[in-house]
Structure formats: structure tokens, C-alpha cells
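Please open the model in your viewer, set side chains to be drawn as sticks, and keep the selection tool at hand. The tour below moves from one selection to the next and says what is to be found at each stop.

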Amino acid sequence: YQGLIQLATGWHHWTRGNATGARLQFAKALRRLSGYPAVFFGVPVGAVRAFLAGAPGRMAAGEPLVPPDLSVSS
């Protein structure tokens, strides 16, 4: 849960114009989620990690960020 909360916090920072805060929270979330399988309790952790890994480069390039789809599969 902490990794997903950090993802949400980072996203909040990003939407409020705080790129530094977003980058820090995204890095924390990526570290927190690193040990989990690609799908954990139906949550697509692999997709979240892919977003988090690519976000700093997209942010630096001024590209838009598209949040990962967190649809839970049953």
C-alpha cells in the first residue's frame, strides 16, 4: 500500500506543479514496489513500476505523464 500511496502523492505533486516532489515520491514508490511480482492481489504492479521508471525521463523531456491503469483483475 505504501508504494501506491507514494505513487498517488507523487501524482498530486505533479498536478500541482511540483516536479521535484513528484520525482522524489515516484522514486520512493519504485523502490517500495521493486520486490513484488508483476501482478499482486490483482494490482498490475508491473505497469506501475514501468510508469515510475519512465516518469523522470518524460518529466525532464517535458512530455505528458499518463498514469498507469490500476484496474484490479479478479
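Begin with the two helices α1 (2–15) and α2 (19–33), each of which supplies at least two residues of the lining of the largest pocket. What you are looking at is a predicted model, so every value in this tour is computed from predicted coordinates. Of the elements that line the largest pocket, α1 gives the largest share, with three residues.

**The largest pocket**

Now select the complete lining, which consists of Tyr1, Gln2, Gly3, Leu4, Arg32, Leu33, Tyr36, Phe40, Phe41, Val43 and Val45. The volume that these residues line, that of the largest pocket, is about 280 Å³.

**Two lining residues in one loop**

From that selection keep Phe41, which is placed in the loop between α2 and α3, and Val43, which is found in the loop between α2 and α3 as well. Which of the two labels, buried or exposed, fits Phe41? Phe41 is exposed, because its relative accessible area of 74% lies over the 50% cut-off. Val43, by contrast, has a relative accessible area of 17% and therefore counts as buried, the limit being under 20%.

While Phe41 is still selected, check its backbone, where phi is near 50°, a positive value in a residue other than glycine. For context, most residues other than glycine have a negative phi.

Turn next to the surroundings of Val43: leaving aside neighbours within four places in sequence, Val43 is in contact with Leu4, Ala38 and Val72. If you draw a distance from the C-alpha atom of Val43 to that of Pro56, 13 residues further apart along the chain, the viewer should give a separation of 22 Å.

**A buried arginine in α3**

Move on to Arg49, whose place is in helix α3 (residues 45–60). Arg49 is buried yet has no salt bridge, and the nearest side chain of opposite charge, Asp69, is 16 Å away. What does the side chain of Arg49 reach at 2.6 Å? The partner is the backbone oxygen of Tyr36, and Tyr36 is also one of the residues that line the largest pocket. Expanding the selection around Arg49, and not counting residues up to four places away in sequence, you will find that Arg49 touches Leu30, Leu33, Ser34, Tyr36, Pro37 and Ala38.

**Where α1 meets α2**

For the last stop, select Gln25 in helix α2 together with His13 in helix α1. Gln25 has a relative accessibility of 14% and so counts as buried, whereas His13, at 23%, counts as partly exposed. Once residues up to four places away in sequence are set aside, Gln25 touches Gln6, Thr9, Gly10 and His13, while His13 touches Asn18, Gly21, Ala22 and Gln25.

Two C-alpha distances complete the view of this pair. Gln25 and Ile5, 20 residues apart along the chain, have C-alpha atoms separated by 9.2 Å, and for His13 and Arg23, ten residues apart along the chain, the separation is 8.7 Å.

Notes. Residues numbered from 1 in each chain as written. Predicted model: local features only at pLDDT ≥ 70, side-chain atom pairs only at ≥ 80, totals over all residues. Heavy atoms only, no water. Helix = DSSP H or I, 4+ residues; strand = E, 2+ residues; numbered from the N terminus. Buried < 20%, exposed > 50% of the residue type's maximum accessible area, 1.4 Å probe, protein only. Lys, Arg positive; Asp, Glu negative; His and termini not counted. Salt bridge = Lys/Arg side-chain N within 4 Å of Asp/Glu carboxyl O. Polar contact = N/O pair within 3.5 Å; in protein donor to acceptor, adjacent residues only side chain to side chain. Contact = heavy atoms within 4.5 Å. 1 Å grid on protein atoms, 1.4 Å probe; cavity = no way out; pocket = protein on both sides within 12 Å on 5 of 7 lines; lining within 4 Å. Points joined across faces, edges and corners; volume = space filled by probe spheres on them.
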